[in-house]
Amino acid sequence: MAVTRRRLLGIAAGTGTAAAIGLAVPWLISSAETGRLLPSEVPLPDPFRMPLPIPPVLEPLSADGIDRYEVTHRRALVEVIPGMTTEIWGYDGRFPGPTIVSRRGRPVVVRHRNHLPVPSAVHLHGGRTPAASDGYPTDLILPDGADGVAGLSQHRHHDPQAITTRVFRDYEYPMSQRAATLWYHDHRMDFTGPGVWRGLAGFHLVHDDEEEALPLPAGDRDIPLMIADRSFAADGSMRYPSLDPTHQHTPGVEEGFRQGVLGDVVLVNGVAWPFHEVPSVRYRLRLLNASNTRRYRLALDPPPVGGAGLVQIGSDGGLLDRPVGHDIIDIAPGERFDVVVDFGRYAPGQPVTLVNRLGVGSTRNVMQFRVVGGATDDSAVPARLSTIEPLQPGRGTVTRDFVFRNAEDHTWEINGRQFDPARMDATVPLGDTEVWRFTTDFHHPVHLHLEHFQVLTRNSEGRGPFDSGWKDTIDLRPAERVAVAVRFTDHPGRYVFHCHNLEHEDMAMMANMQVVSR
Ligand code: C2O
Ligand code: CU
Ligand code: CU
């Protein structure tokens, strides 16, 4: 369970200064979970009773060189737990929202309409998006009729640069980026945690020629899996410990949950512990951790003979240069891992459970695959997938340090400061490669908007086993230090970076960067 702050500081004090935290004690406390369990009030159902839903792919309204879509944010009643009705807030009333499928280089415009009782803001996570369409937390879509402005005025910080709209907003995505698994989700100032918890999240997949030239599993053998934990009240509604259950005025969660909210029901694509029947062939699984706080250590149970059942082909920013075989994958909130699993390595009839080795009790299970028999498989995982040009920091490279820590008043800070839209925390010239170093006290999954980065070092060593390729979110365990290389190339403007533990994010663990032309 949660490490108390006092205990953490006690350990840190024994090692000397705060700077020493970065290097000295990672393994002492790295097994601890950040966050607190909010138990469900309903009896938990047996796992593997509901089939895995695949979110439908959204049809463009027109596709004359630009793919145009429309998505409505609204409440809906759905079945998340067998036999129960749950109200969600969903894109088009779905959780997950509909999947948007794009091609590299073909621009996309999504008109998002807000029919919720609260303001919203949509962020395409992993998108290389112009600032005006990035879903800056104060660039709100105010709901019709509702007194959206009242909701705004409650914000701790007035933001003169905010561009709000009424009822709808057009988000423009150039899609000049590699094939990758992106996702879109709510990013409303101070209320991202409850918004995503209630269901505001969906996939946005990008394809390109390079990837399609490879013999990877495709079509219905390429499935996105949105993994997210939740808790349920006796009436089937989602439980969340908001100070203000209307999510209208007062941000934040009850005192005991400031480290983050953990649920006891694991959902995949919006249903509890689903199952999926698969022929004994290769599948591409696009794993996304859309949980607010929970980290997972994913593994196949039983593992295939010979091990390395999870063959990673991609990370947040698309294909790796070559595949990496894993027995386990650690995935933190916001991260994506594209893996190929060869169900041909199992006997027909064999159930294969995707488990969570960090889970306890009900959160040990994620979902189950049932291998139903033969089919032809002409897919393969080539030894070479793509080319990743290494970002080379040189002499004179600008290095910035960001310390992610708990503050005295129980908020969360970066470099000793809470998020303030009016303060610029980093000004970065277009085209430069920089080194950004992150240091933590607790678990903090650090996410940069706009650009992907490459991990250079973790603590004093090289990359960790899950740090390959282009990343936009990096999991830091307590008292770690990670250095990444990043280059901002295309879009000037104001963007955020933040902890992707959504309770930490809502409690101010976010900062601004201004990308400037030189
Ligand atoms: Cu996935 Cu700023 O977020
Ligand atoms: Cu993002
Ligand atoms: Cu955090």
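This is a conversation about a predicted model, working from the whole chain down to single residues.

Trainee: What makes the chain agree with a compact globule?

Mentor: A compact globule of 518 residues would have a radius of gyration near 24 Å, and the chain has 22 Å, so the two agree. Along its principal axes, the C-alpha trace spans about 60 × 55 × 50 Å.

Trainee: And what is the chain built from, in helices and strands?

Mentor: Seven helices and 36 strands. As for contacts with a separation of 6 or more, 79% of them come from residues 24 or more positions apart.

Trainee: How much of the chain counts as buried?

Mentor: That would be 61% of the 518 residues. The accessible surface comes to about 18,700 Å², and carbon and sulfur atoms hold 51% of that.

Trainee: Where do the charges sit on average, positive against negative?

Mentor: There are 52 positive and 63 negative charges, and their mean positions are 3 Å apart.

Trainee: Let's move to the metals. What makes a residue a donor of the copper ion (ligand 3)?

Mentor: A donor is an N, O or S atom within 2.8 Å of the metal. His444 (ND1), Cys499 (SG) and His504 (ND1) lie 2.0 to 2.1 Å from the ion, so they pass that cut-off. In sequence, the spacing of these donor residues reads H-x54-C-x4-H.

Trainee: Why is Cys499 called buried?

Mentor: Buried means under 20% relative accessible area. Cys499 has 0%, so it counts as buried. The verdict for His504 is reached in the same way: its relative accessibility is 0%, so it is buried.

Trainee: How do you know which residues are the protein donors of the other copper ion, ligand 2?

Mentor: By the atoms beside it: His123 (NE2) and His447 (NE2) lie 1.8 to 1.9 Å from the ion, and the cut-off is 2.8 Å, so both qualify. This pair links distant parts of the chain, since His123 is in strand S7 (residues 122-125) and His447 is in strand S31 (residues 444-448), 324 residues apart.

Trainee: Are those two histidines buried or exposed?

Mentor: His123 has 1% relative accessibility, so it counts as buried. His447 has a relative accessible area of 0%, so it is buried too.

Trainee: Why is Ser237 called partly exposed?

Mentor: Partly exposed is the range between under 20% and over 50%. Ser237 has 25%, so that is where it falls. Ser237 lies in the loop between strand S13 (222-232) and strand S14 (238-239). Leaving out residues up to four places away in sequence, Ser237 touches Thr86, Ser231 and Phe232. From Ile100, 137 residues away along the chain, Ser237 is separated by 27 Å, C-alpha to C-alpha.

Trainee: What does Ala332 look like, buried or exposed?

Mentor: Its relative accessible area is 0%, so Ala332 is buried. Ala332 is in the loop between strand S23 (328-331) and strand S24 (336-342). Beyond residues up to four places away in sequence, Ala332 touches Asn289, Arg295, Pro445 and Asp475. Ala332 and Ile474 are 142 residues apart in sequence, yet their C-alpha atoms are 7.8 Å apart in space.

Trainee: What makes a cis peptide bond or a positive phi worth pointing out?

Mentor: Most peptide bonds are trans, and most residues other than glycine have a negative phi.

Trainee: Which peptide bonds are cis here?

Mentor: One joins Phe95 and Pro96, with omega about -5°. Pro96 is in the loop between strand S4 (86-91) and strand S5 (97-103). Another runs from Asp301 to Pro302, with omega near 0°. Pro302 is in the loop between strand S20 (296-301) and strand S21 (310-315).

Trainee: And which residue has a positive phi near 55°?

Mentor: His247, which is a residue other than glycine. His247 sits in the loop between S14 and strand S15 (261-262). With a relative accessible area of 3%, His247 is buried. Asn459 also has a positive phi, of about 55°, although it is not a glycine.

Trainee: How do you know that Asn459 is buried?

Mentor: Its relative accessibility is 16%, and the cut-off for buried is under 20%. So Asn459 counts as buried. Asn459 is placed in the loop between strand S32 (453-458) and strand S33 (473-476).

Notes. Residues are numbered from 1 along each chain as its sequence is written. Chains are lettered from A and ligands numbered from 1 in the order in which they are written. This is a predicted model: local features need pLDDT of at least 70, side-chain atom pairs count only at pLDDT 80 or more; totals for chains, interfaces and linings use all residues. Side-chain values use heavy atoms; hydrogens and water are left out. Helices (H or I, at least four residues) and strands (E, at least two) are DSSP runs, numbered from the N terminus. The radius of gyration is taken over C-alpha atoms; the globule rule is 2.2 Å times the number of residues to the power 0.38. Buried means under 20% relative accessible area, exposed over 50%, partly exposed in between (1.4 Å probe, protein chains only). Contact means heavy atoms within 4.5 Å. Accessible areas come from the Shrake-Rupley method with a 1.4 Å probe; for residues, only the protein chains shown count as cover. Lys and Arg count as positive and Asp and Glu as negative; His and the chain ends are not counted. The place of a charge is taken as NZ of Lys, CZ of Arg, CG of Asp or CD of Glu. Donors are N, O and S atoms within 2.8 Å of the metal (3.2 Å for Na, K and Ca); water is not among the atoms, so sites may look incomplete.
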